[in-house]
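Open your viewer, switch to a cartoon view and keep the selection box at hand. We will go from stop to stop, and at each one you will get something to select and a note on what is there.

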Amino acid sequence: MQSIELDDILYRILTTSTEVTAAINGGVYVLGERPDGSTLQDVVINTLTTSGENRPQLATSNVNIHVPDIKVNIGGQPQRKADRETLREIVAAVKAALKAAVIEGLTIRLGAENILREVSAPEHYANIRVEWFIAGTKE
């Protein structure tokens with residue numbers, strides 16, 4: 001299975017989840033398709049690796065949940081910090097959608113999760129690793 005096909009599957013899972021679409025005020029995008037300068041709560045997906053064409057196949061994808069920072073006043077200084085509550089809610093919705101997905105011949109396992117600061121924009125993003133086990137014979 002090609003990485004583009006895995007991206008398509010993730011896209012379908014997330015865009016058809018009413019929990020996910022209700023939790024974000026932006027969109028779900030494949031890497032490179034998120035609008036430049038977006039200040040919305042967006043989900044960006046991409047597949048990092050696939051183990052080749054022989055089966056069973058292993059693959060790893062990213063689901064990145066972008067959330068604008070909130071403005072806070074610390075020590076009399078305005079600062080931007082991660083909107084942890086919003087990140088928590090969207091991460092929960094995304095994880096629920098992924099865990100509920102049933103796709104014949106594919107097993108989805110949620111891997112590492114981390115909150116990272118986006119250096120090119122005033123936002124943080126949650127990164128969820130999705131690990132795939134693709135069974136069956138070569139197509």
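Which residue in strand 7 stands opposite asparagine 62? Select arginine 129 and you have the answer: asparagine 62 faces this residue of strand 7. Bear in mind as we go that the model is predicted.

**Stop 1: the whole chain**

Zoom out before going further. The chain holds 3 helices and 7 strands, and from start to end the pattern reads α-α-β-β-β-β-β-α-β-β. Its C-alpha trace spans about 60 × 25 × 25 Å along the principal axes. If you colour by burial, 40% of the 139 residues come out as buried. The surface adds up to about 8000 Å², with carbon and sulfur atoms supplying 50% of it. Among contacts with a separation of 6 or more, 54% link residues 24 or more positions apart.

**Stop 2: the open sheet**

Now show the strands alone. An open sheet is built from 5 strands in the order 1-2-3-7-6, with mixed pairing. Strand 1 (28-30) and strand 6 (106-118) each have a single partner strand, so one side of each has no neighbour in the sheet. Look along the sheet and you can follow the twist, which averages 25° from one strand to the next.

**Stop 3: strand 7 and its partners**

Select residues 123-134, which are strand 7. Is this strand largely enclosed or left open? Of its 12 residues, 9 are buried, so the rest of the structure largely encloses strand 7.

On one pairing, strand 3 and strand 7 run antiparallel and are joined by 12 bridges; the asparagine 62 and arginine 129 pair from our opening question belongs to strand 7 on the arginine side. Strand 6 also pairs with strand 7 in the antiparallel sense, over 11 bridges, and a hairpin of 4 residues joins these two strands. To see how they line up, show leucine 110, which stands opposite valine 130 of strand 7, then leucine 116, which stands opposite tyrosine 125 of strand 7.

**Stop 4: the helices across the sheet**

Bring the helices back. Select residues 3-15 for helix 1, which lies across strands 1, 2, 3, 6 and 7 and runs at about 150° to strand 2 (42-50). Next select residues 84-100 for helix 3, which lies across strands 3, 6 and 7, at about 150° to strand 3.

How do the axes of helix 1 and helix 3 cross? They come within 9 Å of each other, at roughly 115°, and the crossing is right-handed. Show side chains at this contact: Leu10, Ile13 and Leu14 of helix 1 meet Val94, Ala97 and Leu98 of helix 3. The residues of this contact are 6 nonpolar, with no polar and no charged ones.

**Stop 5: a hairpin to finish**

Last, select residues 70-74 and 77-81, which are strand 4 and strand 5; they run antiparallel and share 5 bridges. Isoleucine 70 stands opposite lysine 81 of strand 5. The two strands form a hairpin with 2 residues between them. Centre your view on glycine 75 in that turn and check its backbone torsions: the phi is positive, at about 60°.

Definitions and conventions
Residues numbered from 1 in each chain as written. Predicted model: local features only at pLDDT ≥ 70, side-chain atom pairs only at ≥ 80, totals over all residues. Heavy atoms only, no water. Pairing = 2+ DSSP bridges. Axes fitted to C-alpha atoms, helices over the stretch in contact; angles between N-to-C directions. Contact = heavy atoms within 4.5 Å. Left-handed = near helix turned anticlockwise from the far one by under 90°. Nonpolar A, V, L, I, M, F, W, Y, C, P; charged D, E, K, R; others polar. Buried < 20%, exposed > 50% of the residue type's maximum accessible area, 1.4 Å probe, protein only. Areas by Shrake-Rupley, 256 points an atom, 1.4 Å probe, with all protein chains shown as cover.
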